[in-house]
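This report describes a predicted model. It takes up the contact between two chains and then a sheet.

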Amino acid sequence: MSINIPDVQGKRDAMKELVTEDMLKEVIEVYISETDSISLLDIPSTFVSVDAHDAEAIIERNNQYAEVCRNRMGNDKYVDRSMQTLNGEAKNKQVQSDSIVMVDTAATVTAWDMYDTYISPEQDETVCVPQAERADYPEVAVDTSRGAEKNMSVGSSTSSVASSLKEQEALGNGLNAESELQLIMLSEKFQHLLLVTERSILGNVFQPKLAAYRELPILEGKLISINVMIVSDSDIPMKPGTVEQREDTESPRPPAVECLWAFSCELSRGRSVSSMAWNKKYPDLLAVGYGELDSSNQKPGLVCCWSHKNPTWPERVIYCDSAVTSLDFSFNNPSQLAVGMQDGSLVIYNVQSRNQLCVVSSSECTNKHLAPVWQIRWTQQDLSLTGEEKLEALYTVAADGKICKWFICNNGLDCIELMKLKKIHNTKKKAGGNKTEKKTESVLSALSPGLCFDFHPRDSSIYLVGTWEGLIHKCSSSNSQQFLETYRKHFCPVNCIIWCPLIPDVFLSCSSDWTIQLWKQDHLNPVLGFSSTQKAVCDIKWSPKCATVFGAVNEGQLEIWDLNSSILDPVIVQPAAPGVKMTSLLFATQTDCVLVGDSDGQVTVYQLKNLTNICESGAKVINVTLANRHNTTFFLS
Amino acid sequence: MLIEETLKRIQSQKGVQGIIIVNSEGIPIKTTLDNSSTVQYAGLIHQLVMKARSTVRDIDPQNDLTFLRVRSKKNEIMIAPDKDYFLIVIQNPSD
């Protein structure tokens, strides 16, 4: 009987040999012997000392076990039984499968990638739309992506093969590129990007001029970005190139103006600048009104808002129905711009939005002006009782002789008449005190056109008006019947009146009779008169920083007067370009610059150099001159 | 159209050598330079913009790149990136 011991089976297979006939006939002797005993289980007894703790329990168990063994024989509890298991045949089975293709994928996770994924459910809608458009060209899209990968994998790709491939693809994707381009061009974000890019480019182009405007040191010969402010010392460490020192070194140089740049574009070329105003909140935003002042050339007017960030194209362009004669920004709502026009209408625009919003117009108002609005002014009225918010009112003076105060009601503008400029009989003349006027009995209008006005800087109920006849009236907003004072000196239309912001009670007036007069509020005769050329003086402004400096513009030149140095001649004279007349003037509030508008539509920025900065003695100069005038009767006019 | 006018104005500014608009895959879709320069600029700057944007956003994921200027000896490259495209302007201010 063969004993089937599984672990020995291998040996038997290896010893198979070929069986021949001779071998079969052989007598083989088989010896059977007893193998050694194979011990399958051997558990030796455990010895426990009699003195141990559980000795008694173990003895008890031993006794129990001995009893079980004794009772085993012939007991029904235990029955002998034998079993045999059948071992089935082993069967080999093999399975083969396709090799699993392994692909390596890697992803770089960045912090912002995770952030985008969390945010993306909100942005899915916006993403879907351009995707739909691009589904029209699936094959082309795949090609381009593969092309891009190829280019990337080449690395610093100047190999001609890759680049020529790309060229072909770039050329071949004409259709796809067109539609993409259209999409991009229509988006507002692109417009914003273009704006920023244009400003950066212009920043580079105009950098020295803008640096001079901001009174930063100018480094010549090197490109420096505007944002880098280098404070210059006399010993510059490493930078080559010269530094233009701002202060005079040894000898005082004569005062002069230097032309920095000009705001002009093709829209404004050919139009005459009629008025300019700074924004009250952002002192770098300039509004310029264009309009022909002679009635022969009636072009519709234009208002442009310029910023120094882009001197070649205005930030906002507003087309108006008729020529613009004056404009002013509001104090309380800095984005509101009030524009007065030649046909007498007054419109308030909101310059904040790109698609310009006309806030309100005076076209429906019943008692609006019928003649050109020569000046517009927003004035803040101090209310000592109520808190911080100052009330603001809009005033206009027009050629129909009325001064009106406007307010917004029912989506329109409405006005109340503040004063009528009645004509005064020429022969009557009293010194000081209130006058009683007599209306002339002519058939024509008894009102004389008002050309300019200005409110007292400290007391906003007092204002001065200049008229066509050359008279200057001081009026109060509480008294609409009578003038408080009349100042007579000019015999031609008074073009501009302006209070001095630094010296109290002093104002300047300029007129077409070629003179500029300096007045003190309580003197009916001018303190000083200035004239330098025989041309009508169009505009005049005080310097905001220096009490004795003012600028004047007549048709041919820009004059800067400094009362400290000379009262006979202007300190600086800048002639206009040939063929061009200068029409308006504005001082920059924070730097030493003046802006001059001319009849060709250009607003040129000039920087004042080397003006002495002694500003405290302004009042003294005026007072001294006044005292001198009383002593001597020497008129300068 | 306003955008066309602005593009024309930029192109006529002093020293501007070229303008390229590149889509999000790095393919130039509008250019004023010759083809080989365009392709070169587009490919190289695409990588630079990706890197710059990734840098900015890694530091603060709520931040994003708005403008990139590369000043070199001879000229300046200004890049205005957006989600789907970016705009490249090359200027030589001393022209």
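## Where the two chains meet

Between chain B and chain A, an area of about 4200 Å² is buried, and carbon and sulfur atoms give 65% of that area. In terms of residues, 38 of chain A are in contact with 44 of chain B.

The interface also holds polar and charged pairs. There are three salt bridges between chain B and chain A. One of them joins A:Lys189 to B:Asp82, with 2.9 Å between the closest N and O atoms. Residue pairs in polar contact across the interface, with both residues at pLDDT 80 or more, number twelve.

Which parts of chain B supply at least two residues each of the side that touches chain A? They are two helices and five strands, listed here with their residue ranges.

| Element of chain B | Residues |
|---|---|
| Helix H1 | 2-11 |
| Strand S1 | 16-23 |
| Strand S2 | 28-31 |
| Helix H2 | 35-59 |
| Strand S3 | 68-71 |
| Strand S4 | 76-81 |
| Strand S5 | 85-91 |

By type, this side of chain B consists of 19 nonpolar, 13 polar and twelve charged residues.

## A sheet in chain A

Chain A contains an open sheet of four strands, in the order S18-S19-S20-S21, with antiparallel pairing. At its edges are strand S18 (494-499) and strand S21 (528-530) of chain A, each of which pairs on one side only. From one strand to the next, the twist averages 20 degrees.

Strand S18 of chain A pairs with strand S19 (residues 506-511) of chain A over five bridges, in the antiparallel sense. In this part of the sheet, A:Ile498 stands opposite A:Leu508, a residue of S19(A).

How values were computed:
Residues are numbered from 1 along each chain as its sequence is written. Chains are lettered from A and ligands numbered from 1 in the order in which they are written. This is a predicted model: local features need pLDDT of at least 70, side-chain atom pairs count only at pLDDT 80 or more; totals for chains, interfaces and linings use all residues. Side-chain values use heavy atoms; hydrogens and water are left out. Two strands pair if DSSP finds at least two bridges between them. Axes are lines fitted to C-alpha atoms, for helices over the stretch in contact, and angles run from 0 to 180 degrees between N-to-C directions. Contact means heavy atoms within 4.5 Å. Buried area is the accessible area (1.4 Å probe) that two parts lose on being put together, summed over both. A salt bridge is a side-chain nitrogen of Lys or Arg within 4 Å of a carboxyl oxygen of Asp or Glu. A polar contact is a pair of N or O atoms within 3.5 Å; within protein, one must be able to donate a hydrogen and the other to accept it, and residues adjacent in sequence count only if both atoms are side-chain atoms. Ala, Val, Leu, Ile, Met, Phe, Trp, Tyr, Cys and Pro count as nonpolar, Asp, Glu, Lys and Arg as charged, and the others, Gly among them, as polar.
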